[in-house]
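Student: I am new to this structure and would be grateful for a close look at one part of it. Please begin with a single exposed position and then lead me inward.

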Amino acid sequence: MSQNSIAVDPVSSVQTKMKREVASASRTDRIPDSARVTSVTHWTGSLFSFKVERPASLRFRSGEFVMLGLMGDPNPKTGKSNPLLRAYSIASPAWEEELEFYSIKVPDGPLTSKLQHLSPGDSIILRPRPVGTLILDALLPGKRLWLLATGTGIAPFASVIRDPETYEKFDSVVLMHTCREVKELEYGKQLVAEVMEHEFLAEIVTDRLIYYPSTTREVSRNQGRITDSLSSSSFYKSLHVDPLNAESDRCMICGSLGFNEDIQALLQDKGLVEGSGNDPGTYVVEKAFVE
Ligand code: A2P
């Protein structure tokens, strides 16, 4: 049930009490760094995305994250609440007027169990200091960029694939996204479809952006883990691309801890080295943040 649907139905004292509690939980306007929610989309029972108004002063590089959240429950003794903040990759491109975020709903997660009930008009706390390693500046020049994501790890790449600078720096971009089930791929599928039809981006990305969604626990067109695909010659043949190599390929990784470790081992075997903003390399990595 959304917070708004509680708020407009004050028929019982219980609901009125809930209404007050919800109102107090989302009353972040008095806090500096608040941002107003403009839309919320629920993709599955456990995945949602939302957009907020972009603070006028907020500048970021595609692939970076910010800390965002809500006020936590008041301390029963003092009545005081503290901000409950988590790192969230900015999924929108730097030229967009709004900021977009893509999130999992962690069962009993302190923040996402509240955040999933956001409605347009609510406010969240958004610390306007973007940081992160999944940035183009952390990669040495190359020809092809691989964006390797599992689950909500696609969020920073939703920004990177919509940034014209990505295509100035690389001839082609391969976005690989693996989830357990087909429905979890929907956010990425719609994102890529929009990019392909976008009035300015379409021309830039045509024949240069390759999208490879796959599932591991449900039958779909592409099946299997990214690590297995990248180790298989038939994968490259089916995409009509050259195998990944350290000379001309650059990679960005964002997924679960296990995925990040395994894919780094695979890339290091092929001769790629980790980079950072201060010391660019041939791949960069960031954890998809969950509670
Ligand atoms: P699998 O279903 O074979 O575990 P999760 O929801 O656990 O974060 O997983 C999201 C996706 O990432 C799933 O498709 C999962 O595949 C895949 N995955 C998880 N761990 C790894 C790993 N170490 N290497 C490659 N893929 C992984």
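Tutor: Asp 108 counts as exposed because 7 C-beta neighbours lie inside 10 Å. By definition, a residue is exposed if 12 or fewer other C-beta atoms, placed from the backbone, lie within 10 Å of its own, buried if there are 20 or more, and partly exposed in between. The model is predicted: local features need pLDDT of at least 70 and side-chain atom pairs count only at pLDDT 80 or more, while totals for chains, interfaces and linings use all residues. Residues are numbered from 1 along each chain as its sequence is written.

Asp 108 lies in the loop between strand E5 and helix H3 (112–115); here helices (H or I, at least four residues) and strands (E, at least two) are DSSP runs, numbered from the N terminus. Although Asp 108 is not a glycine, its phi is positive, about 65 degrees. Most residues other than glycine have a negative phi. Asp 207 also has a positive phi of about 65 degrees without being a glycine. This second residue, Asp 207, sits in the loop between helix H7 (201–205) and strand E9, and Asp 207 is exposed, with 6 other C-beta atoms within 10 Å.

Strands E5 (98–104) and E9 (209–215), which border these loops, are among the elements against which the buried residues of helix H6 pack. Those buried residues are Tyr 187, Gly 188, Leu 191 and Val 192. They cover an arc of only 125 degrees around the axis, which puts them on the same side of H6; the arc is that of the directions from the helix axis to the C-beta atoms. The face turned away from that buried side carries the exposed residues Ala 193 and Glu 197.

Further inside, the largest nonpolar core has 60 residues, and Leu 147, Leu 148, Phe 157 and Met 252 have the most contacts within it. Domain 1 (3–131) and domain 2 (136–287) both give residues to this core, so it lies between them; the domain bounds come from an automatic or database domain assignment. A nonpolar core is a set of buried Ala, Val, Leu, Ile, Met, Phe, Trp, Tyr and Cys residues joined through C-beta atoms within 7 Å. Leaving aside neighbours within four places in sequence, Phe 157 is in contact (C-beta atoms, placed from the backbone, within 7 Å) with Leu 147, Ala 149, Leu 175, Met 252 and Cys 254.

Technical notes. Two residues are in contact if their C-beta atoms, placed from the backbone, lie within 7 Å.
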